[in-house]
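Please work through the exercises below with the sequence and the structure side by side. Each one sets a task and then solves it step by step.

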2 protein chains.
Amino acid sequence: MTTPSVLVVGSVAYDDLEMPYGIFEDVLGGAAVYSSFASALFAKTALVGVVGEDFKPGDVKKLEERSIDVQGLERAAGKTFRWRGRYSKDLSSRETLETHLNVFAEFSPKVAPELRNPRYLLLGNIHPALQLGVLSQLEKPRFVAADTMNFWISGEPKLLNDVLGKIDLLLINDEEARELSGISNIKKAAADIRKRGPKHLIIKRGEHGALLFDDQGTFYVPGFPLEDVRDPTGAGDTFAGGLFGYLAAKDDGKNAPLPEHCLRRAMLFATASASFCVEDVGSARLEQVSRKDVVARTKQLLAMLDVGGTLALEA
Amino acid sequence: MTTPSVLVVGSVAYDDLEMPYGIFEDVLGGAAVYSSFASALFAKTALVGVVGEDFKPGDVKKLEERSIDVQGLERAAGKTFRWRGRYSKDLSSRETLETHLNVFAEFSPKVAPELRNPRYLLLGNIHPALQLGVLSQLEKPRFVAADTMNFWISGEPKLLNDVLGKIDLLLINDEEARELSGISNIKKAAADIRKRGPKHLIIKRGEHGALLFDDQGTFYVPGFPLEDVRDPTGAGDTFAGGLFGYLAAKDDGKNAPLPEHCLRRAMLFATASASFCVEDVGSARLEQVSRKDVVARTKQLLAMLDVGGTLALEA
């Protein structure tokens, strides 16, 4: 087995989703699953995570059918991580009803030798100590991104700061950026966070799109306007996976920083990927979507940014 | 006096603003004031509105100093329209504390002969009957836009529907679009509203930017990321005024529909205009900003949409 281009590390879960239109249980989920499905659309992708004895062979097969390398999917004694949530009527908010870490509580990612040299590493939202542990096992990848959450920002600030010093990109939402920096203005917060390590910062805004801050300025990609949204679960992780799939697909073989605006283009692809994710419950749509469909929607999104020539404005 | 390119009709007010950092009273405001300041940066602009006997000569002068034609600014017996509002600590929401319509209650815009042939007409958020009244007094302008609000959507649906049949562009926010169409999905809501008349629909999203729906597809302009926001009052009206200033400045003399993507470019200019508005209390910043400053920020915004070449993606 050859080295993957993209290594995704994170949670694999069974979700119970209480949607306004029905309840769905034992839905395949977890950040690493969503990210891997999206990344694998365009690049050789391996997943590192842990599942319990209850994990269904059919769900492993779903991953394998999308050419995701699952040798890093550890099976441990106990049950798979489980999350139960309830969405509001308009799907704009959700509450967590239950979280059972199960085998995920003892998760300590061991990266097999075959997987230790990825070009692109995506560290899902796990304990910063585990993110550092994964990094210590790898050859330096060309580009490393991490996700995190308020729980680690407040609970493990020192370890998280170590993570920030070792990654190229941090992916968080507005609230997390404010908590991490202690600054409410998002532009100032971004500057503060970037000083701590990551050259690139992406602020995820759900249906409102995402904002990128880096040395090339600020970039904003809108959410893809959809007629039917069924389930926002996993959209952010799908976005991150799509981003990495694009980067790896466009990899130029160098170990230099990414080409100018490459991340901007990747954000379009990421947004298009995420737009498919939310069109059905769990990862159902993502398991079926074709590369062609995602590319077509990426091009539609690019057209949404087209202002048709110059501004022709003089001061 | 020559015919203006842009005619702005709407409220002229004194606002009392309770901001987290202080209270500001008798602040020059009202939709027509904000829109006129922005439009006048780039085009010959006239304002139609009403003020009371308490309206300060210095405030008329502020308008005249920006070359705004104020012959349509009627002075009536009584007091100027007054609004008092309190903003939340992070400025993301506000509550109305007092509204005194005063002379605005009896406002019935009479357009002087000299002003009856504008190329671009911006109808602020006033009673739909008054919007229709203004339209009936004018030669058909090349392009007409209107703003409205939930109060008229629920209270005057029939008259508002007549307005929709006579305008080219409607400017509203998400909530208003949902109420007007009775459809919660914004893409479907937009299609429904556009069927009732306006070929173009702009959904305003405050700091999250604005969305345009028309025959050329969907366009999204992000909010301009600012380090210091002082007062969001009037940002939407400034956006509308900036939009019209750009359209009039770029007017090609034809009576045909606007050139492809012209409104998209106008939205960048509109967003840049609005970004100055929120940098100080009331219209203070807007009264001082130069055309050069707005153009510079418009170009920065354009750079924020630049993905640097092609996607180079194959399906």
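**Exercise 1. Find the residue opposite Lys204(B) and describe the strand around it.**

Lys204(B) stands opposite Ala210(B), which belongs to S12(B). Before going further, note that this is a predicted model, in which local features need pLDDT of at least 70 and side-chain atom pairs count only at pLDDT 80 or more, while totals for chains, interfaces and linings use all residues. Residues are numbered from 1 along each chain as its sequence is written, and chains are lettered from A and ligands numbered from 1 in the order in which they are written.

Step 1: S11(B) and strand S12 (residues 210-214) of chain B run antiparallel and are joined by four bridges; helices (H or I, at least four residues) and strands (E, at least two) are DSSP runs, numbered from the N terminus, and two strands pair if DSSP finds at least two bridges between them. 

Step 2: In the hairpin that these two strands make, five residues lie between the strands, and Gly206(B) takes a positive phi near 55°. 

Step 3: On S11(B) there is also a parallel pairing, with strand S10 (residues 169-173) of chain B, through five bridges, and here Ile172(B) stands opposite Ile203(B).

**Exercise 2. Decide whether the two faces of S11(B) are covered or open.**

Step 1: Five of the five residues of strand S11 (residues 200-204) of chain B are buried, where buried means that 20 or more other C-beta atoms lie within 10 Å of the residue's own, exposed means 12 or fewer, and partly exposed lies in between, with C-beta atoms placed from the backbone. 

Step 2: In a regular strand the side chains alternate between the two faces of the sheet. 

Step 3: Both faces are covered, since His200(B), Ile202(B) and Lys204(B) on one side and Leu201(B) and Ile203(B) on the other are all buried.

**Exercise 3. Explain why strand S7 of chain A lies largely in the open, and describe its hairpin.**

Step 1: Strand S7 (residues 94-100) of chain A has seven residues, and the number of them that are buried is zero, so the strand lies largely in the open. 

Step 2: Strand S6 (residues 81-87) of chain A pairs with S7(A) in the antiparallel sense over six bridges, and Arg84(A) has Glu98(A) as its bridge partner. 

Step 3: The hairpin of S6(A) and S7(A) has six residues between the strands, and in the turn Leu91(A) has a positive phi of about 65°.

**Exercise 4. Work out how the two chains are related and what the side of chain B that touches chain A is made of.**

Step 1: A turn of 180° and a shift of 0.0 Å along the axis lay chain B on chain A with an RMSD of 0.0 Å, the copies being superposed by least squares on the C-alpha atoms of residues with pLDDT of at least 70 in both. The two copies are thus related as by a two-fold rotation axis. 

Step 2: The contact takes 39 residues from chain B and 38 residues from chain A, two residues being in contact if their C-beta atoms, placed from the backbone, lie within 7 Å. 

Step 3: On the side of chain B that touches chain A, the largest share, nine residues, comes from H11(B). By class, this side has 19 nonpolar, eight polar and 12 charged residues; Ala, Val, Leu, Ile, Met, Phe, Trp, Tyr, Cys and Pro count as nonpolar, Asp, Glu, Lys and Arg as charged, and the others, Gly among them, as polar.
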